[in-house]
Amino acid sequence: MRTALQAAVGLLLALVAGRTGASLVATIARGAPAQPPPAARAGAVDAAGATAAGPAAAVDAARVTPSPAPPADAELAAHADPIASYTLRASLDPVQHTMRGEGTLVWRNASREPQRELFVHLYLNGFKSERTVFLRSAIGGFRGNEILYDYGHIQVKRFAVREMGGADVWPQGNPTTPGDPEDETDIRVELPRPVAPGDAITIDLAWDAHLPSLALRTGHYGSFHMVGQWFPKIARLEPDGTWAHFPYHRLSEFYADFGAYDVTVDVPEGVAVGATGRLVEERRLDGRAIRRFVQEDVHDFAFAAWDRFREMRATTDDGVAIRCLFPEGSEREAALQIDLARFGLSHFGAAFGRYPYGTLTIVHPPEGAEEAGGMEYPTLITTGGSWLWPVVGVRFVEAVTVHELAHQWFYGLVATNEHRYPFLDEGLTTYAEAEALRARYGDSSAARLLGLEIDLRTQYRADALASGHNGAVAQPATGFVDGADYAGLAYGRPAVLLATLAGVYGEDLVRRAVGRYARENRFRHPGPEALLEAVRREVGDGAAEALRAGLFERGWVDYTVATFHSWPAGGAEPAPGEGGHEGAGYHGHAVVRRRGSLVLPVDVALHGEDGGVQRVRWQAHESVARIPYAGASPLVAVVIDPDHRVLLDEDLANNARRADPDLLAPSVLSRASFAVGLALTLLGP
């Protein structure tokens, strides 16, 4: 899920931050050669040696033993293990905003333990009153600040297990969330007898629902309806026999088992429907349009319905049917979204494994229904954005489309527990979004504005740094104290951490690691250890340890140039405060420091007065090191990370030092300091 606020706030500030952060180093390090790729840098650093007194800089690069290739598409899991499969019928009244549903759930106990109880999510009850967990946990700094003028609810009328005599086993009276009598979104259902491991039961369902006014993923706005989390949905049973169940929380998204969905949606004629899956049947009866959608290997089903949708279609080269539903006047955005969907399906398919479904539906909500935008469901995404964004050069429409499409892999196919570890979906999706938009648009992945190019990573860096010390990335959705921290830690920081690893160790290696994780864990519901293992295998132990520290330990880093000196070759090192003398050659050193717990190798550029530049690869295992210098002219400037590969470096303004402060270009320094400070304090999600 991505918000307009995340994408758009402070783009002008990001413009300043994105350009001036680089200007400082560029001014100090004029004439520095382009940085070779990481694989080539390792051989160039040994010439510097490490002979100076004091802690020596570790300059030899870590070697990575190539691991076996991740699975090719031919080796990908073809299907999910079907645990929870639904056959449902839903009749929508778009005037009363009500829905009557019925059908069956076939559920199999895939755990190692017999089960005498089930847990069922009734997410629509999160909108039932101000006393629900959802509505009493209002969180600023993120989407969902709506004021409901129409509450929503779901009432189960039948929940009967055929194999247990057909008796209705729904709790009597007013069932509530365990431990919370004010909430009715997480319901425990006792069974007459246990379901043995491997056995399946068939549950006959019937329910009535009233959709709320549009709020965070679902509801109505006029005649537009976004129908998400609308049916009694069984929670996921883990292999060890414990249930992953939880009430509907403001920042929590979803977690469920895979299965096959066969859903018939009944609406008045003239109402268009965009839904999960492929349309296999459509008919008219008594003024109603009845459409049946089918999709295997998914863990949810959602649909949008509106009587004013326009439609645009396309088909990819490998046969995926793309359908975009949009309001009148958004034809340009619809065409752009279809083009981006074609690009994204190919790009993400190559990186993370082919898209296995035959359809993709894009819903662009009408003006006023923005709360329905920026959301993902299997084979269905919702977008948003005004016609104005592309005109002024801001890539909001592009970003939200690509972000939600990337969710098809990390939310849809990998299917992690978003309640326990939201970063595994949102953080990896944000990384994939930024990487794809850079592949598509280069340095203008966020905007091309006023003749300048803005990289999307500029904004995500700001989000990441603003919240980096406030909590761990790897925490449950309920652990975030506000929406700003949730956006910074669940979205921005893991994405920038991965982008930092890509800059340090190589973009191809990190892309391959995330691809291995996605391919090997298709349909498998992995945890963080699977990601760490993929990075360890593809990139190395150092990268995996940095990732672990960044995710679980609030890991951070700040590099700084403390001092540097040089003196004529053959002479003694001058005392502090003394200058050297003219000579045929010069020796010297720079003292560099690493603050923080993230250990990441970094380049140090040593600039001679004659314009010569020496680069040393500092492994940064130690917190302070003396980098030796030997050159034909005095050492006049030192720059750490001249190519800005360590995106999580907290203060770029202390990465460079020059012998003559008057030549430091104070105006550039002040702009850079301003930009960094701005990114740290003002540019919110």
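Trainee: What makes strand S26 (residues 602-608) and strand S27 (residues 613-618) a pair?

Mentor: Six bridges join the two strands, which run antiparallel. Strands count as paired if DSSP finds at least two bridges between them, and the six bridges of S26 and S27 satisfy that rule. The names come from DSSP runs numbered from the N terminus: helices are H or I with at least four residues, and strands are E with at least two. Please note that this is a predicted model, in which local features need pLDDT of at least 70, side-chain atom pairs count only at pLDDT 80 or more, and totals for chains, interfaces and linings use all residues. Residues are numbered from 1 along each chain as its sequence is written, and side-chain values use heavy atoms, with hydrogens and water left out.

Trainee: Which residues can I look at in S26 and S27 to see the hairpin?

Mentor: Valine 604 stands opposite valine 616 in S27. Four residues lie between the strands of this hairpin, and in the turn glycine 611 has a positive phi of about 95°.

Trainee: Why do S5 and S9 count as edges of their sheet?

Mentor: The open sheet has three strands in the order S5-S3-S9, paired antiparallel. Strand S5 (186-195) and strand S9 (233-234) each have a single partner strand, so one side of each is left without a neighbour in the sheet. Between S3 (residues 115-121) and S5 there are six antiparallel bridges; for example, glutamine 115 has valine 195 in S5 as its bridge partner.

Trainee: Why is threonine 132 called buried?

Mentor: Buried means under 20% relative accessible area, exposed over 50%, and partly exposed in between, with a 1.4 Å probe and protein chains only. Threonine 132 has 2% relative accessibility and therefore counts as buried. It lies in the loop between S3 and helix H4 (133-136). Its contacts (heavy atoms within 4.5 Å) are Asn125, Gly126, Glu182 and Asp183, leaving aside residues up to four places away in sequence.

Trainee: What makes the approach of threonine 132 to leucine 135 a polar contact?

Mentor: A polar contact is a pair of N or O atoms within 3.5 Å; within protein, one must be able to donate a hydrogen and the other to accept it, and residues adjacent in sequence count only if both atoms are side-chain atoms. A polar atom of the threonine 132 side chain lies 3.1 Å from the backbone nitrogen of leucine 135, a distance within the limit.

Trainee: Glycine 270 or tyrosine 261: how do you know which is buried and which is exposed?

Mentor: Tyrosine 261, in strand S12 (residues 259-268), has a relative accessible area of 2% and is buried. Among the residues it touches are Tyr86, Phe231, Phe293 and Phe301. Its C-alpha is 6.0 Å from that of threonine 87, although 174 residues separate the two in sequence. Glycine 270, in the loop between S12 and strand S13 (272-275), has 58% and is exposed. Apart from residues up to four places away in sequence, glycine 270 touches Trp306 and Asp307.

Trainee: Why is H9 described as largely enclosed?

Mentor: Of its 12 residues, 10 are buried, so helix H9 is largely enclosed by the rest of the structure. Tyr460, Arg461 and Leu465 are among the buried ones.

Trainee: How do you know that the span of H9 agrees with expectation?

Mentor: The expected span is 1.5 Å times one less than the number of residues. For the 12 residues of H9 (residues 456-467) that gives 16 Å, and the end C-alpha atoms are 18 Å apart, which agrees. At the N-terminal end, aspartate 455 acts as a cap, with a side-chain oxygen 2.9 Å from the backbone nitrogen of arginine 457.

Trainee: What makes a group of residues a nonpolar core, and which members touch the most others in the largest one?

Mentor: Such a core is a set of buried Ala, Val, Leu, Ile, Met, Phe, Trp, Tyr and Cys residues joined through side-chain atoms within 4.5 Å. The largest has 195 residues, and Trp107, Leu118, Phe159, Trp230 and Phe303 touch the most other members. Helix H10 (residues 483-505) gives the largest share, 14 residues. Phenylalanine 303 touches, among others, Leu92, Met99, Trp230 and Leu380. In the protein as a whole, 61% of the 685 residues count as buried.
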